[in-house]
Structure formats: structure tokens, C-alpha cells
Amino acid sequence: MSTMTEPPRTPADERVQEFKPPRYRRPLGIGRDTVVQYGVLAFLAVLVLAPIVPTLYQSIRNRPLYEAGGAFTLSGYTDLFTEAGFGEVALNTLLFASLTTLLSLAIAIPMAIVVVRTKLPGGRLVALAMQWPFFISSLILGFGWIIMYGPAGFVSVKVQQVFGGVPWNLYSIPGMALTEAVALAPIAYVFCANALRQSDASLESAAQVCGAGPLRILGQVVVPLLRPPIVYSAILVFSVSIETLSVPLLYGQPVNIDVFSTFLYHKGLQSVDPDYTMLGAASTVILVVTLSLVAVQAKLLKDAARFVSVRGKVTRPRRLDLGWLKWVSIVFIWFYVIVGALVPIAGLVMRSFTLVFTPLQSPFKTVTTKNYEIVFDSDNYVQSLWNSLIVAGVGSVVVSALAVFAVMVARRSTFRWGRAVEYLALIPQSLPGIIIGIGFFWAFALAPFGMGSVLQGTIYAVIIAFGMRALPSAFGSVAPAIMQIGGELDNAARVSGADWLMTFFRVLRALITPAFAGALVLTFVIMLKEYSPAVFLSSADNNILGTTMLSLWTQGRAGSVAALATLQIGITAVFVALAGLLMKGKHHA
Amino acid sequence: MPEVTVKNLAKTFGDNSVLRDVTFTIQDGEFFTLLGASGCGKSTTLNCIAGLEQPTEGSISVGGKPFVDAGAGVFLPPEERNLGMVFQSYALWPHMTIAKNLALPLNIRKVSKDKQKTLIHDALDKVGLADLSGRYPHQLSGGQQQRVALARALVYSPTVLLLDEPLSNLDAKLREQARAWLKRLQEELGITTVYVTHDQEEALALSDRIAVMEGGNMIQIGTPHEIYERPAAPAVAAFVGRCNFFTGRVIGQDGNRYRILLDCSADVVEVESDQHIPASDSVTVAIRPERLEVVPATAAASGVNRLKTQVITGSYVGSRYEYDVRLGNQVVQVLSGRGGLAGEVMLVFEPAEALIFEDRVELPEEQSDLLTIGT
């Protein structure tokens with residue numbers, strides 16, 4: 001254009017200045033972006049493979065990994081299937097997991113429908129109450145149930161007094177399944193409720209216009225649309241109940257019912273001379289089961305996500321009126337919340353303040369703080385409380401930061417192995433906690449340069465194992481928050497001259513802070529509640545609340561267990577409340 | 001000299017090829033527009049220039065400096081290309097003030113604080129927002145945000161300015177004003193500019209040259225005048241402005257004037273063309289609605305091509321009248337200054353006003369349904 005007409009000279013032309021475009025050093029053609037991205041990939045790979053590979057290796061070695069020598073063997077597998085009663089264990093597990101899945105769906109689906117889609121007094125309160133498992137671990141719930149409904153429990157004894165018999169037996173597979181279903185129902189509830197909230201309300205209006213009544217609409221329009229979240233949450237609940245340790249351990253031990261997780265626990269910890277080869281084989285078999293469940297789940301989620309993520313225009317669902325049925329629903333829901341969660345937890349708290357807790361004698365006669373004094377007088381118990389706080393405090397910061405980097409690499413970079421980073425960050429979801437514990441135990445035995453002996457039996461070992469367990473949740477909480485930040489903001493920074501790393505630190509870091517804080521709270525609570533990987537990693541020095549409670553429970557010191565459990569719930573509640581206040585304050589600023 | 005050269009650019013995602021063999025050169029200081037419907041590959045081309053996407057094949061260089069060459073394995077990341085870019089969403093960093101937004105690229109280039117101040121002030125002054133430097137993006141209107149985004153893209157004197165539909169988020173009235181303003185600014189700065197839009201009017205008004213893209217192919221590059229008057233393909237004629245298409249067959253020739261038998265009505269029309277078209281070939285005749293005239297059937301109008309038609313609908317659209325008339329089994333759109341026509345009318349056009357394309361036009365099924373009437 002300048003060749004055709006002479007443009008008028010403007011101030012802009014007079015100070016034509018060329019800034020040098022930014023240069024980033026690339027020794028051997030490798031920039032710092034690449035280094036960081038490969039670093040994250042390598043770190044995650046080592047972290048995730050550390051417990052898996054030694055487990056597989058141990059399953060085919062005839063001596064424990066920490067001993068020299070040893071040769072290839074398949075006896076672990078043959079022993080497992082011929083001698084060890086593994087068939088019965090597998091059957092128990094299948095029964096327990098199926099029953100748990102059925103029961104939790106039976107609780108969750110009707111509840112989600114009536115809460116989200118019908119006019120229900122106090123519906124918001126129910127939605128809030130369904131978050132209780134966030135604060136209470138299934139180990140503590142198990143204690144609470146036993147204290148109230150167990151053979152010598154408060155409620156059982158009362159029922160015995162009044163009716164002359166107790167129609168239930170908690171120490172059985174249905175008993176376990178019921179407790180576990182109460183604990184897991186909220187997971188299924190959240191999936192169904194979200195799907196219901198997002199589905200198009202006009203579908204129902206259309207049915208209504210055609211003359212369908214509320215029940216017909218629910219039966220023929222709403223429930224069929226729920227099929228994907230039901231299938232997905234069923235698989236999720238099933239796989240969680242396969243790996244859970246708490247309830248089967250507490251209920252099954254007195255009556256010798258073993259499932260996968262307690263089988264590993266007993267074989268690995270309670271036998272005098274553990275057969276590590278068979279333990280490895282059992283772990284491998286269980287890993288295969290849970291991993292294939294997750295593969296199915298991932299495939300379904302891909303389809304389910306397509307189904308669920310119909311967002312955009314938010315149509316407020318019209319709520320149907322159920323008439324008298326709504327009172328039935330209210331009774332049903334509050335029965336679940338009160339009998340399932342509130343009563344056991346209240347019982348646990350009561351137990352922590354009494355010496356004797358039975359309906360035969362008013363608990364107020366023996367009100368005491370002695371249980372707490374025992375806890376605070378013992379250095380070991382105080383130490384385990386501190387250990388738990390340190391593990392959760394340090395771990396949550398590290399894990400959240402790792403999750404932010406993993407999401408940045410997986411979703412916000414052009415890194416070639418971004419998908420691999422995402423899968424690695426999510427795999428621990430499918431690894432049973434107890435196998436992570438066993439796996440790291442062996443990994444420390446194998447680790448080069450004596451790193452294993454430095455970590456073995458320390459609190460760092462616990463942080464690593466718990467952190468790995470919490471990583472998928474942290475990733476899942478950070479990813480959507482980061483994806484909400486428009487990609488053009490990154491692009492604008494890149495074109496302006498910032499490389500990937502500088503874009504992150506100069507532009508995105510401030511925007512990601514709320515997501516990071518959210519992940520921090522989540523992982524803190526998860527890691528405070530966690531204990532199953534620690535049972536194989538614990539020593540006198542690194543006991544945490546969960547392992548301490550478990551050993552106190554086996555010693556029959558229920559009062560101290562109740563006191564520790566109450567403390568754990570209290571800490572969680574205070575922490576979440578404080579975090580909520582802090583984050584609210586930040587939003588206003 | 002920042003001359004942008006794009007050679008044989010291609011991009012595939014898996015089996016899906018979104019860009020095929022795109023080649024063009026942009027002169028220094030030129031305002032060059034990539035025009036096309038969504039999904040035509042125009043944004044991909046722009047992102048390849050910016051370095052936000054990596055082409056599967058081909059090369060791009062600016063001012064002789066290779067940015068990317070898929071064959072030679074050269075790829076300069078976006079941060080080292082020294083380009084300015086304005087995004088559709090403006091992409092102002094929401095947690096920074098306007099001044100901080102402009103300061104970031106200067107910080108990266110290690111410009112001294114004093115100099116930063118004058119540069120930021122000058123850049124904001126250029127877009128008329130110097131007094132808003134302390135504000136945050138969400139405190140500005142859409143039009144102001146768009147100007148800040150432009151100031152941020154210019155503050156570090158980039159070699160080339162890339163604009164990705166920067167006006168599409170403004171409302172219609174403001175968009176027209178912003179268009180005129182942008183044109184003035186670009187001429188004043190004389191910066192080589194690549195502009196992406198799906199709005200043909202915007203493209204015609206702003207550009208020195210336009211590249212029309214469709215389905216990953218670049219089908220014509222030319223000045224706005226060439227694009228509109230001499231479209232290289234029916235698709236260009238259909239996309240830039242409106243156009244009626246008639247299929248037919250060549251039945252005679254007199255110099256550069258062809259006689260064509262129309263399929264829709266069996267009328268014979270005469271059309272001028274410089275191409276050589278063998279007799280009895282199937283062709284498509286294209287005429288823009290404003291080049292057609294309708295006159296009452298009884299009027300003794302002069303004109304080479306006079307076709308008998310009936311008015312289906314007539315509507316007044318402000319400055320002129322728009323008619324749908326029936327020619328055989330086809331609907332023909334006409335823009336005319338003459339109002340109040342109905343019933344039998346005469347459709348008139350000169351041989352030079354129509355174009356002949358040797359390939360048959362395949363209209364989308366939905367559109368052809370709307371333009372066909374049962375007889």
C-alpha cells in the first residue's frame with residue numbers, strides 16, 4: 001500500500017522501534033516447557049508404577065523382595081486358587097459388592113428423583129445432608145454402627161429389652177452391605193441428581209401437555225432418562241465396595257468373613273510368616289479386577305458424559321406434585337439420614353464422653369472426659385493426631401500443586417503425551433488402598449540408592465501413599481475449574497511473547513488460585529480420613545488417626561476410639577468451615 | 001520487510017483434513033482477509049500463522065524468517081514470532097488492569113519502566129482510551145475491551161497484526177463504526193494485517209485483498225472488486241453477496257456471446273464470457289439480484305434478455321423492493337427500485353451482467369428445496 005500513496009506521517013512512524021522478540025534458551029533443542037512437561041509425566045509415571053510393578057514382580061518371586069536371591073515361581077497363583085480359600089473370599093466379595101450396589105441404588109435413585117424433581121418440603125436441606133460422607137470416613141461410620149446397632153450396641157440392647165430379640169445381625173454380609181450402602185448412597189445420589197438437574201424440563205412439560213400425570217411422567221420419562229447415571233454410579237459403587245477395608249474388617253473379623261481387602265490384611269499383617277508370593281498373586285488378581293472395572297467405567301463415562309453434558313441454556317426443571325406420596329418420601333429420606341448417619345455418629349460422640357454406654361443405665365451417670373484424657377496423656381496417640389494433621393496439611397498442598405500441573409500439562413498444553421498424564425493421574429482411583437500400601441512397602445524394599453530405607457516407616461511414606469490416593473480427586477476438582485478459563489487467555493499470552501511456563505506463572509496462576517484452594521480443602525479432608533494404605537506402611541513413629549483407632553479397637557478400647565473419631569470429625573468440620581469463610585472473604589475482595 | 005508467505009499449508013486431525021494445500025503471499029502493509037463460513041479453515045490458517053496450531057504440511061515465513069516448515073521440521077513457538085493478535089473474545093486478562101495487560105508483553109521484552117509508561121500511554125491514546133488505564137477489563141464496555149485488545153496487540157510493535165473476528169461480539173451499529181475506525185488505524189500504522197471473518201460485508205469494506213475459503217480450500221484470492229464482480233467459482237458468488245444460479249446448456253455462440261438454454265424454463269438467454277466453452281456443454285449461469293430488472297409485462301422495455309415471469313411475493317425492504325419471481329420451476333430473487341409489481345412481469349438483464357461457470361452448482365438440499373417450485 002505504501003507504494004501506491006505516501007501515507008501521512010504520523011507520530012507512530014517517527015518512533016518505529018523494533019523490540020527484539022523474546023528468546024528462550026533451548027540447549028539441544030529442548031526448552032524449559034518441554035522439560036517441565038516431561039518432568040510431570042515422569043514423576044507421575046514413577047509414582048503410579050511404584051506400587052504396581054513391585055506387586056506384579058513379587059507375585060512371581062518365591063522369596064520376599066527384601067531378601068536376596070529368589071527365583072521365578074507361579075506357586076503364588078496356584079496356592080491362591082487351590083489352598084487359601086480364595087474362592088470363598090471371591091464369592092463373599094462378589095456378594096458383598098453386589099448387595100451394596102443394589103442397596104445404595106435403592107436408596108439413591110428414589111431420593112434423587114423426589115428431591116430434584118418433585119415439590120418436597122425441605123428438599124434443599126436433604127441435598128445438604130447428603131454431603132455427610134465428606135466429613136465422616138467409612139471407618140468411623142463402622143465404629144458408630146457397631147456402637148449403636150452391633151450385637152452389644154445401644155439400639156440392639158434396647159430392642160432386645162423391649163421385644164425380646166433383635167431381628168438383625170450386623171456381623172454378616174448383608175449387615176456389611178447395608179452399612180456400606182448407607183455410606184456410598186450419596187455417590188450414586190450425586191450422579192443421578194446432577195443428571196436430573198441437567199435434563200431438559202420441557203420433555204416433562206411435553207408429557208404433561210399430552211395428559212400424563214406426575215407418576216406416569218416419573219415412570220415413563222424421568223427414570224428411563226436416568227439409565228446412564230445409574231449404570232455409571234452402579235459400577236463406581238461396585239468397585240469402591242470391592243476395595244473398601246473398613247466395614248468388612250470391623251464386621252467380618254469377629255465372625256471370620258473375609259473379602260478381598262480383609263484377606264490381604266490378614267494374610268499380610270496377621271500371619272506370623274506372611275507368604276508374600278501369594279500376597280502378591282492375590283493383589284495382582286484383585287488389581288486386574290478393579291482395573292478392568294475402571295476400564296468399563298471409563299468407557300461408559302465417555303458415553304455418559306456425552307449424555308450428561310447437555311448444558312448451555314439452563315431450563316429450571318418444573319417440580320411435580322406427588323400428593324400424599326411426598327410424605328412417604330420425606331419419611332423415607334429422613335429415616336435414611338437419621339438412622340443411617342446421625343444416630344451412629346451421635347452414638348459415637350456420646351460414647352466418647354461416657355465410660356459405659358448402654359440403655360441399661362443412663363449414660364449421663366458416667367459422663368466423663370476420661371476417654372479424652374487417655375488420648376491426650378499418651379504420647380503415641382497425640383503423635384498420631386499430629387501425624388494425621390501433618391500428612392493432610394503437607395500432602396494436600398503437594399497433591400493440589402501436582403494436580404494443577406498435571407491438568408495444565410494434560411489439558412492446557414500441546415504436549416504430545418498429555419493424555420498419558422491424565423490417565424496416570426486418574427489410575428490411582430482404581431487401585432485399592434490396601435494394595436497401594438503393600439505395593440509401596442515392596443517398592444521401598446526395591447528402591448535404588450537406599451531411598452527405600454530412608455522412607456520406610458516414616459511419615460513421608462504415608463504422605464506419598466495417601467497423596468497418590470488423593471490425586472485423582474484433586475485432578476477431578478481442578479480440571480473443570482481450569483477448563484472454565486477461556487483458552488484464548490493462554491493464546492493471547494503466548495502470542496504476546498510468553499512461553500508456556502511463563503503464561504502459567506504470569507497469567508493463569510492468579511486465575512487458578514480458587515481452583516487450587518478448592519482442591520486443597522478436598523484433599524486435606526480426604527487425606528485426614530484416609531488410612532487403608534497406611535496399615536502396611538505404619539511403624540511406631542508414623543501411626544495416623546486411622547491406624548491408631550484400628551489398633552485401639554482390636555484392643556477393645558472403644559472409648560478412646562470414639563474420642564479420636566470425634567476429634568477427627570471435629571477437625572474436619574472446623575477446617576471446612578474456616579476454609580469456606582476464607583474463600584468467601586476472598587471472593588468479596 | 002514483513003511479507004507473509006504461506007506455502008502448501010495443510011492440516012489434518014486424524015482422518016479429518018481441515019486445510020488443503022493453501023498458498024498465498026501477503027504484501028508488506030497489506031490488509032488481507034480470510035473469508036469463509038465457519039469450519040472453512042480460516043481460523044486454522046490464522047492459528048498456524050500465529051503458531052497456536054502446527055500445520056501437518058507446508059511452510060510459513062514472515063519477512064524471510066521461517067516460522068514453520070513441516071518438511072524441514074522447523075517450528076517457531078508463538079512466543080518467539082513477535083506477532084500481535086486480537087481474539088474474538090478479546091482475551092484480556094481479567095485480573096489485571098488495562099495498563100498491566102499492556103505491560104506484560106513489554107515486561108517479557110525487558111523494556112525499562114519509563115519507556116513502558118510512554119509506550120502504554122501512546123498505545124492507549126491511539127485507541128482513544130488513555131484515561132482508562134487503571135480500570136479492569138470487566139469495567140469496560142465491549143467496544144472498549146476490543147480497542148484495549150488491539151492496543152495490547154500493538155504496544156510492542158509486532159511485525160504482523162492478526163485479527164480473529166474481532167468485531168463479531170459487537171452489536172450491529174457499533175460494529176460498523178468500529179470497522180471504519182479499524183480501517184483508519186490500520187492505514188495510519190501501515191502494519192501488515194491478517195483478518196479473519198465470516199462477514200462478507202466486513203471483508204469487502206476493510207480489505208486490500210480477500211481470500212475466500214471453503215472446506216479447507218482457498219478458492220479465490222483477489223481485491224474486493226474482483227471477488228464480487230468476477231467470482232472464480234459459484235461458491236464465491238454465492239458466499240459474497242447474493243446470487244441466482246440457473247443451470248443450462250450452451251446451444252450457440254457468437255463471438256464471446258453464448259446462447260444458453262435454461263433448464264428451469266426452456267428460455268434461451270445470451271450471456272457474455274471470455275472463457276471458451278464448447279457447444280452443448282452444461283453450464284451454470286449466475287446473476288446477482290441487483291443486476292436483474294423487473295418491468296411490467298406490458299411495458300416496451302429494451303434489453304437483450306427478456307424473460308416472462310410471474311411475481312410470487314414482493315416486499316419493501318427499506319431502500320428498495322425485493323421480489324421473488326417464478327421462472328419455470330425456479331424461484332428467482334430480484335432487487336429493484338420499482339415498487340408495486342404483481343402478476344405477469346418481464347425479467348430483463350444484459351449479457352454482460354451475468355456470469356457463466358462451467359461446473360454445475362450444487363446447492364445445499366435445503367436451499368434448493370426452497371428455491372424450487374412444482375409446476
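**A:N256 counts as exposed, since just 9 C-beta neighbours sit inside 10 Å.** For the cut-offs, C-beta atoms are placed from the backbone, and a residue is buried with 20 or more other C-beta atoms within 10 Å of its own, exposed with 12 or fewer, and partly exposed in between. What you're looking at is a predicted model, where local features need pLDDT of at least 70 and side-chain atom pairs count only at pLDDT 80 or more, while totals for chains, interfaces and linings use all residues. Residues are numbered from 1 along each chain as its sequence is written, with chains lettered from A and ligands numbered from 1 in the order in which they are written. A:N256 sits in the loop between helix 12 (246-252) and helix 13 (260-270) of chain A. Helices (H or I, at least four residues) and strands (E, at least two) are DSSP runs, numbered from the N terminus. The phi of A:N256 is near 60°, a positive value in a residue other than glycine. Most residues other than glycine have a negative phi.

**B:S157 is another non-glycine with a positive phi, this one about 45°.** Look for B:S157 in the loop between helix 4 (142-154) and strand 8 (160-164) of chain B. Is B:S157 buried or partly exposed? With 18 other C-beta atoms within 10 Å, B:S157 comes out as partly exposed.

**Helix 1 (residues 42-50) of chain B is mostly covered, with 9 of its 9 residues buried.** The run of buried residues goes B:K42, B:S43, B:T44, B:T45, B:L46, B:N47, B:C48, B:I49 and B:A50. Just after helix 1 of chain B comes B:G51, with a positive phi of about 95°. For background, 40% of the 375 residues of chain B count as buried.

**Helix 6 (residues 138-149) and helix 7 (residues 154-163) of chain A pack at about 20°, axes 3 Å apart.** Axes here are lines fitted to C-alpha atoms, for helices over the stretch in contact, and angles run from 0 to 180 degrees between N-to-C directions. That angle is why helix 6 and helix 7 of chain A are roughly parallel to each other; the label goes to angles under 35 degrees, with over 145 being roughly antiparallel, 65 to 115 roughly perpendicular and the rest oblique. Helix 6 of chain A brings A:I147, A:M148 and A:Y149 to the contact, and helix 7 of chain A brings A:F154, A:V155 and A:S156. A contact is scored if the C-beta atoms of two residues, placed from the backbone, lie within 7 Å. By class, this helix pair's contact holds 5 nonpolar residues, 1 polar and no charged. In that scheme Ala, Val, Leu, Ile, Met, Phe, Trp, Tyr, Cys and Pro are nonpolar, Asp, Glu, Lys and Arg are charged, and the others, Gly among them, are polar.

**Domain 1 of chain A puts 21 residues in contact with 16 residues of domain 2 of chain A.** Four elements give two or more residues each to the domain 1 side: helix 19 (433-446), helix 23 (500-529), helix 24 (545-554) and helix 25 (558-588) of chain A. Which of them gives the most? Helix 25 of chain A does, with 8 residues. The domain 1 side splits into 13 nonpolar, 7 polar and 1 charged. Domain 1 of chain A covers 36-53 + 366-589, and domain 2 of chain A covers 107-256 + 284-311 + 322-345; such bounds come from an automatic or database domain assignment. The C-alpha centres of the two lie 26 Å apart.

**Where chain B meets chain A, each chain supplies 29 residues.** On the chain B side, helix 2 (98-108) and helix 5 (172-189) each supply at least two residues. That side of chain B has 15 nonpolar, 6 polar and 8 charged residues.

**Chain B is divided into domain 1 (4-237) and domain 2 (242-371).** The C-alpha centres of these two domains of chain B are 39 Å apart. All told, chain B has 9 helices and 21 strands, and its C-alpha trace spans about 80 × 50 × 35 Å along its principal axes.
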